[in-house]
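Please look at the sequence and the model below. The paragraphs after them go through a helix pair, the nonpolar cores and the cysteines.

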Amino acid sequence: MEERNKSSVATVLVVDDNDANRALARDTLEDEGYRVVLASGGNEGIAAFEREPPDCIVLDVRMPEVDGFAVCERIRAMPRGAETPILFLTALRDVDTFDRALGAGGDDFLTKPVRPTELVVRVQTAIKLRRMSEELREHYDLLKRQRDDLLRLQLQKERLTAFVVHDLKNPVNAMDLHAQLLLRDQTLSASSRESAGRIRVEARQLNRMIVNLLDISKADEGKLAPKRTPVDLVVLLRETAAEFAAEAERRKVSLDIAPEPASVAADEELLRRVLANLIENAIRHTPAESSVTIRAAAKGANVEIRIADAGAGVPPEMREKIFDAFVQIELPEEQKGARASRGLGLTFCKLAIAAHGGTIAVEDAAPGAVFCVRLPNGN
């Protein structure tokens, strides 16, 4: 039987109660030369396995009547069931689901929406590993355990991050609210008013960081989907820059805003936070008695936004890495005045712009740095 499998087309059994998911899996795998058998539910999948054990099973977790975990356990107890690789497919990205999948006997764990390329690679790998020698399989089992441990840690980290972010939002919003109440007090001294204003600035920055973290997690899961509407870029740039007018004045930095009329089809809230991150970043790195310039103009099929500072600039070797999360880059002595990325702001900017089909890059302003955002125009 093993020799027959090696010389024949591999068969993949896809068990999923969603018509669209089954069709996508079938078309993707058939394009790669696999023979695909479809089952619309757990009992139908078990019956299909009994008729003809496949070379691999792609198994949905959440199904009516019999869920994927129960199907996996029943197949493992059947002849040839123990040796058939089973790939769980689920929209539930959490530690409990992952552990249940492993406990039921699953070999791999894919989260929806699954990319066709990833599905093909995982199926190819599962079938190849099934045909490996026993010695190589022992090594694979060790690597698989290590991979499973790493994935479990990743899922635990994501869950902890979600809890922390959720718990941080309320106190940060409360800080901002109390600072606003203080600023309404006409008897407040000038120094106290300045302190309350600083609290508002820092609270808004912290809130942006929290929301950025949430959106980065969504992007990692393929769930960062912009809700596009026509956006007047001139209005948005002026409104966003106005939020930082007090901070720029405190740092003795002038804001030179001169965008040309332009419109983009974008998620206004996401784009506003991108611009806020870039303007705040420019103000922070611009020396006193200099300026931050903000420009926007249509460039063919795109709209280009340029935000420039007069700081130390970004060395060429850092211009890609500066968009990485929490990047810390050792600089040579002559570049000690240059800056590295801080936190997740620029990482969020890159992911949000990419979700819009655009690009972001950093250029030399000689002196300083120019962050250049290109988006499809709204026409």
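Helix α2 (residues 19–31) packs against helix α6 (residues 116–130) at an angle of about 65 degrees, and their axes lie 10 Å apart. Axes are lines fitted to C-alpha atoms over the stretch in contact, with angles from 0 to 180 degrees between N-to-C directions; helices are DSSP runs (H or I, at least four residues) and strands are E runs of at least two, numbered from the N terminus. On the α2 side the contact (heavy atoms within 4.5 Å) is made by L24, A25, T28 and L29, and on the α6 side by P116, L119, V120 and V123. Seven of these residues are nonpolar, one is polar and none is charged.

This is a predicted model, in which local features need pLDDT of at least 70 and side-chain atom pairs count only at pLDDT 80 or more, while totals for chains, interfaces and linings use all residues. Residues are numbered from 1 along each chain as its sequence is written, and side-chain values use heavy atoms, leaving out hydrogens and water.

The largest nonpolar core (buried Ala, Val, Leu, Ile, Met, Phe, Trp, Tyr and Cys residues joined through side-chain atoms within 4.5 Å) has 44 residues. Buried means under 20% relative accessible area, with a 1.4 Å probe and protein chains only. Helix α11 (268–285) is among the elements that each supply at least two residues of this core, and its share, nine residues, is the largest. I307, one of the residues with the most contacts inside the core, touches L278, V292 and F371, among others. A second, separate core of 24 residues includes V61, V71, I75 and M78.

The structure holds zero disulfides (pairs of cysteine sulfur atoms within 2.5 Å). C72 is buried, at 0% relative accessible area, and C372 is buried at 0% too.

Definitions and conventions:
Nonpolar A, V, L, I, M, F, W, Y, C, P; charged D, E, K, R; others polar. Buried < 20%, exposed > 50% of the residue type's maximum accessible area, 1.4 Å probe, protein only. Lists of a residue's contacts leave out its neighbours within four places in sequence.
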